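Open the model in your viewer with the sequence panel alongside. The stops below say what to select next and what is there.

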Amino acid sequence: MSTLPAGKAIYFTSDHHFGIPDRERSLQRELRFVRWLGQIAPDAHQLYIMGDLFDFWFEYRTVVPRGYALLFGALAEMVQNGIEVHYFRGNHDMWAFNYFEQELGFTMHRHPEFKTLGSKNFYLAHGDGLGPGDRGYKLLKKVFASPVNQWLFRQLHPDFSFRMALYWSRRSRYANIAREGMEDARGCYLDEQWLKAERLPRHAAAVVEQNPDTHFLVFGHWHLPVHLTFGQAHYYNIGDWISWFSYLRFDGNSVKHHAFETESNVFPHL
Ligand SMILES: [Mn+2]
């Protein structure tokens with residue numbers, strides 16, 4: 001059993017989508033994230049980045065994308081100071097191969113995992129492609145996971161391929177934001193029954209049914225801070241680092257939502 005040292009905490013963050021909407025505005029969010037890392041460093045035992053740190057990421061054998069120097073420096077410093085950084089790949093950075101591991105010292109995760117943190121049982125996943133339906137996306141994920149397709153993509157000039165990839169990811173991102181905006185307008189996310197009928201909570205309910213000793217389930221992906229309960233199990237979506245600047249803190253006992261550098265009471269629905 002892993003133990004959490006007294007006075008220490010484990011932090012969860014996700015869906016920063018650094019790189020959008022443009023270099024300058026992304027940098028503002030990156031610097032805000034670096035300030036957050038500085039704030040949590042004194043009591044952080046582990047940090048979990050639950051996916052989509054970048055809106056698009058691809059690494060070549062000898063070259064990595066331009067930018068993010070301050071961000072990488074701050075994360076590498078955490079690892080140097082003995083804070084474990086775990087990274088669950090999201091749907092926007094499934095092409096993170098071994099750079100984060102080799103250069104920054106992250107522990108990489110590609111699939112959902114059960115983990116005991118302190119004395120509690122966690123189920124951790126980014127959240128894409130889980131739950132019923134969404135067959136189009138699941139197929140697309142297989143296409144992107146194919147080594148042949150990755151090799152083909154690597155043959156393109158990066159100035160061209162990154163422009164193309166960002167164009168596509170922006171389109172899907174804007175579509176999501178539009179969809180989420182509609183949900184907000186309808187007030188759906190305040191409605192527990194509506195939330196529990198969505199894909200990820202349905203997946204979570206099935207996980208809890210098969211693993212009744214699960215205490216906490218933590219997901220990214222949804223870009224909406226959510227807290228639900230399934231029996232004794234607590235379900236969370238972290239939110240994002242685009243409009244919520246939300247994160248989770250686990251003190252060994254309970255998990256709580258917080259937001260960084262925003263007005264208090266930004267989670268009226270939690
Ligand atoms: Mn995302």
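## The whole chain

Among contacts in the protein chain between residues at least 6 apart in sequence, 66% join residues at least 24 apart. The model is predicted. Show the cartoon for the protein chain: there are 8 helices and 11 strands. Colour by accessibility, and 48% of the 270 residues count as buried.

## Stop 1: strands S1, S2 and S3

Select S1 (residues 9–13) together with S2 (44–49). The two strands run parallel and are joined by 5 bridges. Tyr11 makes a good marker here, as this residue stands opposite Leu47 in S2. To get from S1 to S2 the chain passes through helix H1 (residues 23–40), in a β-α-β crossover that is right-handed.

Now add strand S3 (residues 84–88), which pairs with S2 in the parallel sense over 4 bridges. Ile49 stands opposite Tyr87 in S3. The chain reaches S3 from S2 by way of H2, and this β-α-β crossover is also right-handed.

Why is S2 described as largely enclosed by the rest of the structure? The reason is a count: 5 of the 6 residues of S2 are buried.

## Stop 2: Thr13

Select Thr13, which is in strand S1. Is this residue buried or exposed? Thr13 is buried, with a relative accessible area of 0%. Show its surroundings: leaving out residues up to four places away in sequence, Thr13 touches Phe33, Trp36, Leu47, Tyr48, Ile49, Met50, Ile238 and Trp241.

## Stop 3: the manganese ion

Which protein atoms are the donors of the manganese ion? Select Asp15 (OD), His17 (NE2), Asp52 (OD) and His223 (NE2); these lie 2.0 to 2.4 Å from the ion. Along the chain, the donors follow the spacing D-x1-H-x34-D-x170-H. Asp52 is in the loop between strand S2 and helix H2 (69–80), and His223 is in the loop between strand S7 (216–219) and strand S8 (226–230), so this pair ties together parts that are 171 residues apart in sequence.

Keep those two residues selected. Asp52 counts as buried, at 1% relative accessibility, and His223 counts as buried at 4%. Check their backbone angles as well. Phi of Asp52 is near 60°, a positive value in a residue other than glycine. Phi of His223 is likewise near 60° and positive. For comparison, most residues other than glycine have a negative phi.

## Stop 4: a cis peptide bond

Go to the loop between S1 and H1, where Pro21 is found. A cis peptide bond joins Ile20 and Pro21, with omega at about 0°. Most peptide bonds are trans.

## Stop 5: aromatic rings

Show the side chains of Phe, Tyr and Trp. How many aromatic pairs does a search of the whole structure find? The search finds 41. One of them is formed by Phe100 and Phe106: their rings are tilted, 5.8 Å centre to centre, with 45° between the planes. Both residues are buried; the relative accessible area is 1% for Phe100 and 3% for Phe106.

Next, select Tyr11, Phe18, Phe33, Trp36, Trp241, Phe245, Tyr247 and Phe260, which ring pairs link into a cluster. Three members, Phe33, Trp36 and Trp241, were already seen as contacts of Thr13, and Tyr11 was the residue opposite Leu47.

Arg32 adds a charged neighbour to one ring of this cluster. Arg32 lies over the face of Phe245, at 3.4 Å from the ring centre. For another arginine over a ring, select Arg23 and Tyr68: the charged end of Arg23 sits over the ring of Tyr68, 5.9 Å from its centre.

## Stop 6: the S10–S11 hairpin

Finish at strand S10 (residues 246–250) and strand S11 (residues 255–259), which run antiparallel and are joined by 5 bridges. Phe250 has Val255 in S11 as its bridge partner. The two strands form a hairpin with 4 residues between them. In the turn, pick Gly252, which has a positive phi of about 100°.

Note on methods:
Residues are numbered from 1 along each chain as its sequence is written. This is a predicted model: local features need pLDDT of at least 70, side-chain atom pairs count only at pLDDT 80 or more; totals for chains, interfaces and linings use all residues. Side-chain values use heavy atoms; hydrogens and water are left out. Rings of Phe, Tyr and Trp (its six-membered ring) pair if their centres lie within 6.5 Å; planes under 30 degrees apart count as stacked, over 60 as edge-to-face and the rest as tilted. Buried means under 20% relative accessible area, exposed over 50%, partly exposed in between (1.4 Å probe, protein chains only). A charge sits over a ring if NZ of Lys or CZ of Arg is within 6 Å of the ring centre and within 35 degrees of the ring normal. Donors are N, O and S atoms within 2.8 Å of the metal (3.2 Å for Na, K and Ca); water is not among the atoms, so sites may look incomplete. Contact means heavy atoms within 4.5 Å. Two strands pair if DSSP finds at least two bridges between them. A crossover is right-handed if, with the strands pointing away from the viewer, the path from the first strand over the helix to the second runs clockwise.
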